[in-house]
Structures are given as structure tokens and as C-alpha cells.
Amino acid sequence: MLQQLETHYEDALKQLETITSSDNLHDWEIQFLGRKGVITEMLRSTGKLPAEDRASFGKRANEIKNLLTDAHTQRAALIEQQELAADLEEGQIDISLPGRARPVGGLHPSTQTLRLYAHVWGEMGFQVFRSRDVETDEYNFQLLNFPPHHPAREMQDTFYTNKPDVILRTQTSPGQIRAMQELGDNGTKPIRVILPGMCYRHEQITARSEVQFHQVEGLAVGRNIRMTDLKGTIAEFARRMYGNDVQVRFRASYFPFTEPSMEVDAECFLCGGTGCRVCKYTGWLEISGAGMVHPNVLRNGGYDPSVWSGFAFGMGPERATMLKHGITDIRYFWGNDLRFLEQF
Ligand code: DAH
């Protein structure tokens, strides 16, 4: 049996030398040193030997077990080193390679137009006043002089929420009331603001109408503001936006919160007024709704309409962006299609 033991020992050492992976090393360990391994089995059978041989066999078997355990440890260290070296070799990074450029994001075309509006109005002394997207029926309609069943509400199909009275704003005009209440100091201070923001209408989505779109509202309140101030201010805005000699015209219109009310056209910036497809051969493009703030609205904002007056306007940046870039379908704006967005 001793002879057998020595053979196993030599065999084990020989095999160990050929092992180059930790997986194979693990198999080797099980085969020789495991609970049912060759050497372990031999040690266990010591009892079967004649009494006088047991001590020397047991001693040698233990010795061999220790020798093999040491040899295993050494081999394991060697293999680990080799595997690490191989890993490093394989995963080497060539730091001289040029980096991969990250695509740079761009501003959404609506954002670009909104920023341009804010810039131009800012130069003319109008500060941005931010108002909420979620409004009440009271602010969105009633305080703006739309009584509960007023027909003008029909043009603005509303998104209602589960909370009675809480709606998504259909226009930025409710911000007029909030600006007057928050900045007016109980109707004692003048105001000059623009109110840009998203509006929501429960409409059939088509190439011309979306359920969400931006508006840029404007509001000026003061002691001596007249219709001529409104006309001059809008004309100046149009010149700054579209060029120094652009003509504007004002058409009578109706909004519940202004009196008188009007719509403002600017000379078509594409054809210069001679007529083209963009202006539908009229020579004019509508750029704004506008009017003198209705006395009821001034009152709702905390002002005494016999002392204070004001003008307001409302513009649609998506429409302006479509005209400028020849975009024929408003659905592109919120379609998140990079092929569209990357063009701006
Ligand atoms: N709120 C109007 C709309 O959504 C736009 C508008 C028109 C705003 C005239 C105004 C204004 O401030 O004076 O149709």
C-alpha cells in the first residue's frame, strides 16, 4: 500500500505541473485532496493495515498530503499570476486612440423661438413672469371675463382634472391676473411682463392643431397706457424680429378680456408683402392677438380701472417657428423625432 501511495503522489505531482487554469486546478484538488480524493481515501484505509505498519504509513500519508497541499498552494499562486497577466494583456487600453465624440444636444426649435422672444421683449423692458400650467376655472376663464357659459369658451376645449375647478390652462392669459395680483402691490405698481408657457387644449390633433402648444403673453399696466402705446410697442417688436421696415396692421377682433381687441399682422417676411404660399398670397402673417385690458380684468387684478389702464397681447411661438422654417405639420414639435429636431 505504501508503494501505491508513492505512485499516487508522483502521479499527483506530475499532473499538477501540467495544469494552467484555475478550473483544472480545482478538479485536481478534488481528485487528490478532496473528501473522496485519492490521498484522503488512502489515509482513511490506514486502519486496514497490520498494526505494525500503520504508524509509518500514516506518517508518510500525512506528509504527502501536506506536500501536495503546499504544491497546490504554489501552483495556485502561479496560475493566478498568469491569469492576471493575461487579463491585463487582453484588456489593455490604447490611450493614444482618439476619443469618441459625444453627440451634442441642441435646443428644441420652440425653445429657440421662446428665447428669441424673451430676448427681444427683454430689450424692450419686459421681464419674464412665470405662471402655472395647472390652473383653476376661475383664473383661466372667470377672472378674465369669461362667465361660466360664455360662448368664447367654446374655442378653448378644456382638459379637466378629477378635482372640480382644477384644469390645465388653455391660454397663458390667466397669468395676467396672477402677475397683477403678485406684482401690483394692491393695484399700486405698474407692470411690464411677458408670460411664456405651455397651454393645453382638448382638440383633435391635426397638422394644424396640437393638444399642447406655447403662448407668449404680454401685459403692461400703468397710469397712462393707451392704444397708441400698444400699437407702437407691437410695431417695434415686429421691426426687431423681422427687420426695420416691416409693416404691421391691426384688425378689429374680439377677446373677452380686452376691449377693444385686435389681431396684429406683419408683412410676410418671406415675400416682403408681394404674396407667396406661406402668407397664402395675402402678403400678411398674423403675429399676435392683442387689446386694451378690460376694466373688469384690471379690477380682478386689484387695479382701479378709472386710474389704471393697460394692454395685453398673446403670441404663438410654434406658429411663428413653422412659418419661419416652412414646417408644414405642428405634430413634429412633440413627436420626439430626432430627424426633425436635429435640423435646428
Ligand atoms: N388668450 C388668447 C388665445 O388663446 C390670445 C390673446 C389674445 C392673448 C389677445 C391676449 C390678448 O393677451 O390681448 O386665443
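Q: Which way does H5 pass H8, in a left-handed or a right-handed crossing?
A: Right-handed: the near helix is turned clockwise from the far one by less than a right angle. Bear in mind that this is a predicted model, where local features need pLDDT of at least 70, side-chain atom pairs count only at pLDDT 80 or more, and totals for chains, interfaces and linings use all residues. Residues are numbered from 1 along each chain as its sequence is written, and side-chain values use heavy atoms, leaving out hydrogens and water.

Q: Why is H5 called oblique to H8?
A: Helix H5 (residues 109-123) and helix H8 (residues 227-242) pack at about 125°, axes 10 Å apart. That makes the pair oblique, as the angle isn't under 35 (roughly parallel), over 145 (roughly antiparallel) or 65 to 115 degrees (roughly perpendicular).

Q: What makes H2 and H4 roughly antiparallel?
A: The axes of helix H2 (residues 22-33) and helix H4 (residues 51-90) cross at roughly 170° and come within 10 Å, so the two helices count as roughly antiparallel. Among the residues that meet (heavy atoms within 4.5 Å) are Leu25 and Trp28 in H2 and Leu68 and His72 in H4.

Q: How do you know that Glu217 makes a polar contact with the ligand?
A: An N or O atom in the Glu217 side chain sits 2.6 Å from a ligand oxygen atom, and a polar contact is a pair of N or O atoms within 3.5 Å. Ser173 qualifies too, with a polar side-chain atom 3.0 Å from a ligand nitrogen atom. For Phe313, a polar backbone atom is 3.2 Å from a ligand oxygen atom.

Key
Axes are lines fitted to C-alpha atoms, for helices over the stretch in contact, and angles run from 0 to 180 degrees between N-to-C directions. Helices (H or I, at least four residues) and strands (E, at least two) are DSSP runs, numbered from the N terminus. A polar contact is a pair of N or O atoms within 3.5 Å; within protein, one must be able to donate a hydrogen and the other to accept it, and residues adjacent in sequence count only if both atoms are side-chain atoms.
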